[in-house]
Amino acid sequence: MQRIFLKGLGAETSALGFGCASLGSRVSETAGLAALTAAFDAGVGWYDIAPAYGAGAAEAILGRFVKTRRDSVQICTKVGLLPPPQSATKRILRSALRPVVNVAKPLRTALRGSAASQNRAIPLTPEGVTASIEGSLRRLGTDHVDVYALHNAAPEDLSNDALLRALEDLLTAGKARAIAVAGGIDTAQAAIAAGGPVRVVQFAQPPAAQEAVFAAAAAAGIGCVTHSVFGIGGALGHLTARLRAEPALLARLAAAGFSGPPEAAAAALLLARAREANGAGVILLSMFSARSRERNLSAPAPLSSAAALCADLGI
């Protein structure tokens, strides 16, 4: 596993991070702990979590995982979203239906879109920030998080002096080692320009036209964490289908160092492009299934040709 020194946090961590959004909901605690352990053993040290993840169960499960590993991992949690209301009956029903939902894509899609599965946004206020981190620390079983992020923050949140003072107080108290925003690229750009307590920005892998954000962050001493490197719009699926239909293109990728069956080659190329763009930051990925861990953790190291190759292919 490649290691990087993340600006803003001032600490070394793994180049790839584990996104824990499904921990405790789609992924059971037993399966989740096994996946977390497998990724950790492969060198993953960054774990991204939030109070809303796993229908509210993720932080406590991650806390059990890091109990004997706290000094070897970095945790980023957030404030701004709460899980949907969960009665005891709903929790039992969710657990019972998990095997069916996981193999039935239409049912899984329908449940994700239902009101009962929607996270609840809360205002980003000084009082909310303080109360949320206390709950997160309790569930995680730790006295601090490495990064504390404003979840789905908007650019205007960065001009809220009372909110910024509350975040600075958390740094002074040692409850967080760095403050972040997790939202759109416009919020990341606003945070980079504003300075202040925000020293890490998290956003979806941007199009090539917006990748100047990485250079701007580096110049400001701010670390970048990116996600959705396989494309929010299904870039991985589209490229995989294209490689299956065009054997010559698959051979071209293999010659450039992205070998294997179509999906593996497509994933390796997209991940390499992300690492090339954000070479000094963390890339968040899902690693719950053995297939995803194999695909993500065995991908080639960043190649200088990845971005150019993607541009040439129109992706």
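Two residues are said to be in contact when their heavy atoms lie within 4.5 Å. With that in hand, the predicted model can be explored from the whole chain down to single residues.

The protein chain has 315 residues, and 46% of them are buried. Its secondary structure consists of 13 helices and 12 strands. Among the contacts with a separation of 6 or more, 73% join residues 24 or more positions apart. The surface exposed by the chain comes to about 13800 Å², with 57% of it supplied by carbon and sulfur atoms.

A good place to look inside is the largest nonpolar core, which has 77 residues. Within this core, F18, L62, Y148 and V201 have the most contacts. Helix α11, residues 262-277, gives the most to this core, with 10 residues. Another core, of 15 residues, lies apart from it and includes L9, A182, V282 and L284. As for F18, its partners beyond four places in sequence include A35, L36 and A39. F18 is also in contact with V44, W46, Y47 and D48, and with L284, L285, M287 and F288.

Three of those partners of F18, namely A35, L36 and A39, lead to helix α1, where they are listed as buried together with G32. These buried residues cover an arc of only 100 degrees around the axis, so they sit on the same side of α1. They pack against β3 (16-19), β4 (46-48), α2 (58-66) and α12 (290-297). The face of the helix turned away from this buried side carries the exposed residues T30 and D41. The length of α1 can be checked too: at 1.5 Å a residue, its 13 residues (29-41) should span 18 Å, and because the end C-alpha atoms are 18 Å apart, the model agrees with that expectation. After the helix comes G43, whose phi is positive, near 110 degrees.

A closer look at A35, in helix α1, is rewarding. Its relative accessibility is 1%, and since buried means under 20%, A35 counts as buried. Leaving out residues up to four places away in sequence, A35 touches F18, M287, F288 and R293. Sequence and space can tell quite separate stories here: A35 and S289 are 254 residues apart along the chain, yet their C-alpha atoms are 7.0 Å apart.

S289 also takes part in a link to S292, a residue of helix α12. The backbone oxygen of S289 lies 2.9 Å from a polar atom of the S292 side chain. S292 has a relative accessible area of 8% and is therefore buried, the limit being under 20%. Beyond residues up to four places away in sequence, S292 touches S286 and M287. M287 is thus a partner of S292 and is also touched by A35.

Finally, two loop residues deserve a friendly mention for their backbone angles. A55 is not a glycine, but its phi is positive, at about 55 degrees; this residue is found in the loop between β4 and α2. S228, again not a glycine, has a positive phi of about 60 degrees. The loop that holds S228 runs between β11 (223-227) and α9 (235-245). With a relative accessible area of 30%, S228 is partly exposed, because this value falls between the 20% limit for buried and the 50% limit for exposed.

Technical notes:
Residues numbered from 1 in each chain as written. Predicted model: local features only at pLDDT ≥ 70, side-chain atom pairs only at ≥ 80, totals over all residues. Heavy atoms only, no water. Helix = DSSP H or I, 4+ residues; strand = E, 2+ residues; numbered from the N terminus. Expected span 1.5 Å × (residues − 1). Buried < 20%, exposed > 50% of the residue type's maximum accessible area, 1.4 Å probe, protein only. Arc of directions from axis to C-beta. Core = buried A, V, L, I, M, F, W, Y, C linked by side-chain atoms within 4.5 Å. Polar contact = N/O pair within 3.5 Å; in protein donor to acceptor, adjacent residues only side chain to side chain. Areas by Shrake-Rupley, 256 points an atom, 1.4 Å probe, with all protein chains shown as cover.
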